[in-house]
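Student: I should like to request a close look at one part of a structure, with its surroundings described afterwards.

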Amino acid sequence: MEALKLKLKQQIIEALNLQDTKPEDIDDNAPLFGEGLGLDSIDSLELMVLLERNYKIKVEDPREGRKILQSVQSMAEFIMSKQAA
Amino acid sequence: MEIKCYIQASAAISPQQSFSGEYAPQFLPLEERNLLRAQEPGYAGFIPPNSLRRMSRLLKMGLTAALQCLRNANATVPGAIITGTGRGSLQDTEKFLHDIRTYEETALNPTPFIQSTYNSVNGLIALQQQCTDYNNTFVHRGFSFEHALLDSLLQIQEGNAESVLVGGFDEMTVEHFFIKSRIGYWKSALTQPADMLASGTPGTIAGEGAVFFLVGTQPAPVEVRGIQMLYRPAPDQVASQLAQFLQKQGVKAEDVDLLVIGRNGDTRFDHFYAVVEKALPSTATNIPFKQYCGEYDTAGAFGMWTAQQELLSGRHKTALVYNHFYGEQHTFILLQKH
């Protein structure tokens, strides 16, 4: 789980071009949108693409997406649950 | 009654150190390929970091040149935003097309697609400056900036706007440079800008840039007297149309003391420039501006910026900008110092 979260943080930084942000700057449970990293709606689409490209997971329901993309922790848990299924 | 239109401010990002407002064109050395790359300024003072991280190169250049132009004019919200671009953001277009192929039309990132649309720069300027007025982007290859300028003059003439932010921007990517080299756009041998006019070979040197003007009714030192475009004219038509254009503007050929010309050393099309040079007095100062910015669809905007800078220096009174894009799209722009 820890390795996955670290990898996710690196992928988020690269995909969203978060210059001057390091993986250790991102708290596992901090919200990705609004406060925390301050991401916006276009970023949420990019994160969906990130999940699809890197983990072959497609989020079909946008309401589901809101919960999944809440934090790095929630994203990692979602990936783990899909990979286990 | 005809309303006069003045250049109230300008800003240029180009291969020259033009962004600082300094006008000192130089021959820049080329080492690898026949391409004059734009010197990008620091963007941090213009674009919020959260927006900056997502923008591609052309968007940053276009938006920053536009914002600097407004700052130079002490203005925030123009009456309209009108731009021209021949290619839009090539970097984003290429990324988007590349991703379509790599990911077999699935999992496509929305950002390059959004930014590859030609009017992205206009949208960003409007969003950042909260400008909800007329907003238009012209994409007509070598007529792109010129149509934007014509539209600006018409908006002002018709009383729709007192000021218009008008600009032109284009970038060159490695891939696009290669594609265009295959159809003979660039000189096959590495040629220095200082030597390009005397090279005696087909093709030219590529360039890029983003140039903006705030034009409007408020009197300023340089007036835009008029613009005329000609599509694929014969050389003798260029001469006759120039005579008519000057007559319509109430200017005699001998009054033109500055010719800012698009000569780019391409032997296939240089004869058009010779026609215009012959039609004007030999005493007129001749500045071939593409030695400084290279060739690109909206290079005419840099030509107009060059003419404006020369007029502001006080050395000249009446400037004609003549440019054409690979022999197809020809434009006259007449500027006058007051």
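Which backbone nitrogen lies 2.9 Å from a polar atom of the side chain of B:E171? Please set out the surroundings of B:E171 in chain B as well.

Tutor: The model is predicted. The backbone nitrogen in question belongs to B:L90, and the distance from this nitrogen to a polar atom of the B:E171 side chain is 2.9 Å. B:Q91 also takes part: its backbone nitrogen lies 2.9 Å from a polar atom of the side chain of B:E171.

B:E171 itself is placed in the loop that runs between β4 (163-170) and α7 (174-182) of chain B. Its relative accessibility is 3%, and because buried means under 20%, B:E171 counts as buried. If residues up to four places away in sequence are set aside, the residues touched by B:E171 are B:R57, B:L58, B:G88, B:S89, B:L90, B:Q91 and B:E208. B:L90 and B:Q91 thus appear in this list and also supply the backbone nitrogens described above. A further relation concerns B:G86, which is 85 residues from B:E171 along the chain, while the C-alpha atoms of the two residues are separated by 9.3 Å.

The strand that precedes this loop, β4, also belongs to the cover of a helix. That helix is α5 (residues 120-129) of chain B, and its buried residues are B:S120, B:V121, B:N122, B:I125, B:A126 and B:Q129. Their cover includes β4 together with α2 (57-72), β2 (80-84), α4 (110-116), β3 (134-138) and β5 of chain B. Just after α5, B:Q130 adopts a positive phi of about 55 degrees.

On the other side of the B:E171 loop is α7, and the loop between α7 and β5 (209-216) holds B:T191. With a relative accessibility of 9%, B:T191 counts as buried. A polar atom of the B:T191 side chain lies 2.8 Å from the backbone oxygen of B:A189. Beyond four places in sequence, B:T191 touches B:L30, B:N34, B:M196, B:S199 and B:I205.

A further site for comparison is B:H324, located in strand β9 (residues 318-325) of chain B. B:H324 counts as buried at 3% relative accessibility. Its side chain has a polar atom 3.2 Å from the backbone oxygen of B:F269. B:F269 is also one of the residues that B:H324 touches, along with B:F272, B:Y273, B:K290, B:E295, B:Q329 and B:H330, when residues up to four places away in sequence are not counted.

The chain as a whole gives the setting for these sites. Chain B contains 11 helices and 10 strands. Its radius of gyration is 19 Å, close to the 20 Å that the globule rule gives for 338 residues, so chain B is as compact as a globular protein of that length. Along the principal axes, its C-alpha atoms fill a box of roughly 60 × 50 × 35 Å. Of the 338 residues, 59% are buried. Among the contacts with a separation of 6 or more, 77% are accounted for by residues 24 or more positions apart. The exposed area of chain B is about 13,900 Å², of which carbon and sulfur atoms supply 51%. Its side chains include 26 positive and 32 negative ones, and the centres of these two sets lie 1 Å apart.

Terms used: Residues are numbered from 1 along each chain as its sequence is written. Chains are lettered from A and ligands numbered from 1 in the order in which they are written. This is a predicted model: local features need pLDDT of at least 70, side-chain atom pairs count only at pLDDT 80 or more; totals for chains, interfaces and linings use all residues. Side-chain values use heavy atoms; hydrogens and water are left out. Helices (H or I, at least four residues) and strands (E, at least two) are DSSP runs, numbered from the N terminus. Buried means under 20% relative accessible area, exposed over 50%, partly exposed in between (1.4 Å probe, protein chains only). Contact means heavy atoms within 4.5 Å. A polar contact is a pair of N or O atoms within 3.5 Å; within protein, one must be able to donate a hydrogen and the other to accept it, and residues adjacent in sequence count only if both atoms are side-chain atoms. The radius of gyration is taken over C-alpha atoms; the globule rule is 2.2 Å times the number of residues to the power 0.38. Accessible areas come from the Shrake-Rupley method with a 1.4 Å probe; for residues, only the protein chains shown count as cover. Lys and Arg count as positive and Asp and Glu as negative; His and the chain ends are not counted. The place of a charge is taken as NZ of Lys, CZ of Arg, CG of Asp or CD of Glu.
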